[in-house]
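Trainee: Could you help me learn how to read a ligand site and a single residue in a model like this?

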Amino acid sequence: MKTLQELTRKNIWSLAPYSCARNEFSGRNASVYLDANENPYNAPFNRYPDPLQLELKSKISAVKGVPAENIFLGNGSDEAIDLMYRCFTEPQTDNVVAIEPTYGMYRVCADINNVEYRTVCLEEGFQLNADKLLAATDEHTKLIWLCSPNNPTGNALNRDEINKIIAAFDGLVVIDEAYSDFSSQRPFRSELLSHPNIVILNTMSKAWGCAALRLGMAFASKDIIEILNKVKYPYNINLLAQQKALDILNDPYEIDKWVRLILQERSRVMEAFTLLPITKKIYPTDANFFLVEVTDAQSTYDYLVSKGIIVRNRNRVTMCGNCLRVTIGTKTENAELLAALRAL
Ligand SMILES: *Cc1c(COP(=O)(O)O)cnc(C)c1O
């Protein structure tokens, strides 16, 4: 691995971050706060929230088994994705390598940051070929984007191939594990501390049922987390989101229950799809959705829309011709989808 100084965008390495009013006295006792030009009325919303979200991180640390100092929290994973570019890539000079097909935000953020986005198609069965990915890198490649289980294909990527990339690449390997709660595979975050060059993304938007809160996580070495913290907006997670997230995390059994229900429903819905005349191929999945190839994705999509049911049409995505991505809903929602398709 190159040093973090070599990997970090030059102006970011030398950046003096904004100093929050509350940082300057930290550690000492105080009860009168006249330092931040806040309004003394309307507690608790009159006060700026904790810029480093320490209480929430300590809770997440217990649930995820990752030390708090190795956790970054963002306004959705999308903030962490964008920050990876803003911290580690030089616009118009550096490049990143990603699998194809995968989650669209990696490319959008590359485009916004004016960073070259190189893609390598997955193999048969949407599997990863480490050698091909590594062959697409050069001395200006700072990041490799992996997503496992992958969106929109649903499958987890081969662990040995991921390990090969981590071992051989001299930049940072981002592994987006947004769907790992639905997978039987061991998540890579459990190996975080043995690999200084990996960044794991998690989110509260899927298994944890909090897409509206906008809370994403990055797990990485303390040094990488410090760079991300330096560049993020000082108060990027608002008080309501921090409080609500704590509430949810205090009831982890509820989350487990949701995941179990969704997995049961996933088997049921996928089995029902095998019997539909429009189904050509159902791809195996480790996520709360599955990809299905049908005879005519556009017309099936349009038909479902006319019934008030929205799935994701992935027809235009590389390797996903005539594919629909179907999220697993409640029993009732899934039954509605299946009833509509049976009536086709
Ligand atoms: C849904 C999803 C996310 C979540 O993004 P948030 O900004 O946290 O809502 C991240 N990565 C992938 C691959 C996803 O599918």
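Mentor: We shall take the ligand and then one residue, Asn 313.

Mentor: This is a predicted model, in which local features need pLDDT of at least 70, side-chain atom pairs count only at pLDDT 80 or more, and totals for chains, interfaces and linings use all residues. Residues are numbered from 1 along each chain as its sequence is written, and side-chain values use heavy atoms, with hydrogens and water left out.

Trainee: How many residues surround the ligand, and which are the closest?

Mentor: A residue is near a molecule if one of its heavy atoms lies within 4 Å of it. Here 14 residues surround the ligand, and the closest are Asp 176, Tyr 179, Thr 203, Lys 206 and Arg 214.

Trainee: Which side chain has a polar atom 2.6 Å from an oxygen atom of the ligand?

Mentor: For a ligand, a polar contact is a pair of N or O atoms within 3.5 Å; within protein, one must also be able to donate a hydrogen and the other to accept it, and residues adjacent in sequence count only if both atoms are side-chain atoms. The side chain is that of Tyr 179, while a side-chain N or O atom of Lys 206 lies 3.3 Å from a ligand oxygen.

Trainee: Is Asn 313 buried or exposed?

Mentor: Buried means under 20% relative accessible area, exposed over 50%, and partly exposed in between (1.4 Å probe, protein chains only). Asn 313 counts as buried because its relative accessible area is 19%. Its side chain makes a polar contact of 2.9 Å with that of Gln 298, and a polar atom of the Asn 313 side chain lies 3.0 Å from the backbone nitrogen of Asn 315.

Definitions and conventions:
Helices (H or I, at least four residues) and strands (E, at least two) are DSSP runs, numbered from the N terminus.
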